[in-house]
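Grab a viewer and a notepad: here is a short set of exercises on a protein model. Try each task yourself before you read the solution under it.

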Amino acid sequence: MPTTTIRAESPSKPHASDASARGAAIYSQSWLLVIYDWWVLGIVSTYAWACSVPDYTLPWFRNNVRKGQHLDIGVGTGYYLAKSDLTGVQVTLADLNQDALNATKNRLVAGGKVKAEETTCILHDITRPLPASCPKFNSMSLYYLLHCIPGPVPAKTAIFSHLKHSLTPDGVISGASILGKDVQHNLFGRIIMYFGNRGGMFDNRADNAADFDEALREHFYNVETQVKGVVFLWRASKPKV
């Protein structure tokens, strides 16, 4: 397949909210992409969120990637994809930040996980429907993304109203997000939460598991959720379309 880069949505365009653009812009800083895995997925996830990535979120991710078409939304550094078996998986990457897309694709290609010419990148605001040129996906992943989307839980979960239409009937969508309400944050976590929300990287003070679970069940017949530490882990299938 030819190389495909779809410039669907750009953070500089007015329909990408200022808050969304600020959250995505942090990934333009090359130093952050270098330390992200060590700091966010290592130190912060383990000691602030009480949810070890190798023990919980990575296995959850691996168990929900299907052969065929997979869409990873909010790619970060591509850590989860790089640590997974992608045999038979056609990867599409979607993010508001071109630097994150480039870094993730380069990492996967360099690691032999994907072929450059078979990997699609979409510069896109996920609060808007996916480009019509996208295929139906057998699986989708949104890891450490929902807590970055501006607004209350109903505004965040509105994305499922269009994502479910891009999922195959037997496809699965999964993710993990940091909760701000009805969980007990330790001191380290409260510090990260304060600066994350103040700086615009997070908008999750009111995020809670009950609201997320209810929203998922509105759009999917099969829903499984759990909370580990302060992290909401979820997967859903059989979209209600």
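The exercises below deal with a predicted model, and each comes with a worked solution.

**Exercise 1. Salt bridges**

Task: Work out how far apart in sequence the partners R107 and D37 are, and which elements they sit in.

Solution:
- Start with the contact. R107 and D37 make a salt bridge, with 2.8 Å between the closest N and O atoms, which passes the 4 Å cut-off.
- Next, place the partners. R107 belongs to helix α5 (residues 98-110) and D37 to helix α2 (residues 30-48), so this pair ties together parts that are 70 residues apart in sequence.
- Then look at the cover. R107 has 27% relative accessibility and therefore counts as partly exposed.
- For context, the model has four salt bridges by this rule.

**Exercise 2. Two more bridges to compare**

Task: Find out where D207 and K156 lie, and where D213 and R217 lie.

Solution:
- Take D207 and K156 to begin with. They form a salt bridge whose closest N and O atoms are 3.5 Å apart.
- D207 is in the loop between α8 (187-199) and α9, while K156 is in helix α6 (residues 153-157), so the bridge ties together parts that are 51 residues apart in sequence.
- Buried or exposed? D207 and K156 are both buried.
- Now turn to D213 and R217. Their side chains meet in a salt bridge at 2.7 Å, N to O.
- Both D213 and R217 sit in helix α9, four residues apart, or about one turn of the helix.
- D213 has a relative accessible area of 17%, so it is buried. R217 comes out at 37%, so it is partly exposed.

**Exercise 3. Ring geometry**

Task: Decide what kind of aromatic pair Y79 and Y80 make, then do the same for F160 and F220.

Solution:
- The count by this rule is eleven aromatic pairs.
- For Y79 and Y80, the ring centres are 5.4 Å apart and the planes stand at 90°, so call the pair edge-to-face.
- Check the cover of each ring residue. Y79, at 13% relative accessibility, is buried, and Y80 is buried too, at 9%.
- For F160 and F220, the centres are 6.1 Å apart with the planes at 80°, so this pair is edge-to-face as well.
- Map F160 and F220 onto the chain. F160 lies in helix α7 (residues 160-163) and F220 in strand β7 (residues 220-228), so the pair ties together parts that are 60 residues apart in sequence.
- Both F160 and F220 are buried.
- Finally, widen the view: Y79 and Y80 belong to one aromatic cluster along with F61 and Y143.

**Exercise 4. Surface patches**

Task: Which residues gather in a patch of negative charge on the surface, and which make a nonpolar surface patch?

Solution:
- The negative patch on the surface consists of D182, D211, E214 and E218.
- Pick E214 as a check. E214 lies in helix α9 (residues 209-219), and its 57% relative accessibility means that it counts as exposed.
- The nonpolar patch is made by L187, I191, Y194 and F195, and covers about 420 Å².
- Pick L187 here. L187 lies in helix α8 and counts as exposed, because its relative accessibility is 55% and the cut-off is over 50%.

**Exercise 5. Backbone oddities**

Task: Find the sign of phi for D182 and K238, and say where D182 and K238 sit.

Solution:
- Recall the background: most residues other than glycine have a negative phi.
- D182 has a positive phi of about 65°, although it is not a glycine.
- D182 sits in the loop between β6 (167-178) and α8. With 66% relative accessibility, D182 counts as exposed. You have met D182 already, as one of the residues in the negative patch.
- K238, also not a glycine, has a positive phi near 55°.
- K238 lies in strand β8 (residues 231-239). Its relative accessible area is 47%, so K238 is partly exposed.

**Exercise 6. A loop lysine**

Task: Locate K67 and find how many Å separate the C-alpha atoms of K67 and Q90.

Solution:
- K67 is in the loop between α3 (53-62) and β2 (68-73).
- At 59% relative accessibility, K67 counts as exposed.
- K67 and Q90 are 23 residues apart along the chain, and their C-alpha atoms are separated by 7.6 Å.

Terms used: Residues numbered from 1 in each chain as written. Heavy atoms only, no water. Patch = residues over 30% accessible without salt bridge, like charges linked within 9 Å, V, L, I, M, F, W, Y side chains within 5 Å. Areas by Shrake-Rupley, 256 points an atom, 1.4 Å probe, with all protein chains shown as cover. Lys, Arg positive; Asp, Glu negative; His and termini not counted. Charge placed at Lys NZ, Arg CZ, Asp CG, Glu CD. Helix = DSSP H or I, 4+ residues; strand = E, 2+ residues; numbered from the N terminus. Buried < 20%, exposed > 50% of the residue type's maximum accessible area, 1.4 Å probe, protein only. Phe/Tyr/Trp six-rings, centres within 6.5 Å; stacked < 30°, edge-to-face > 60°.
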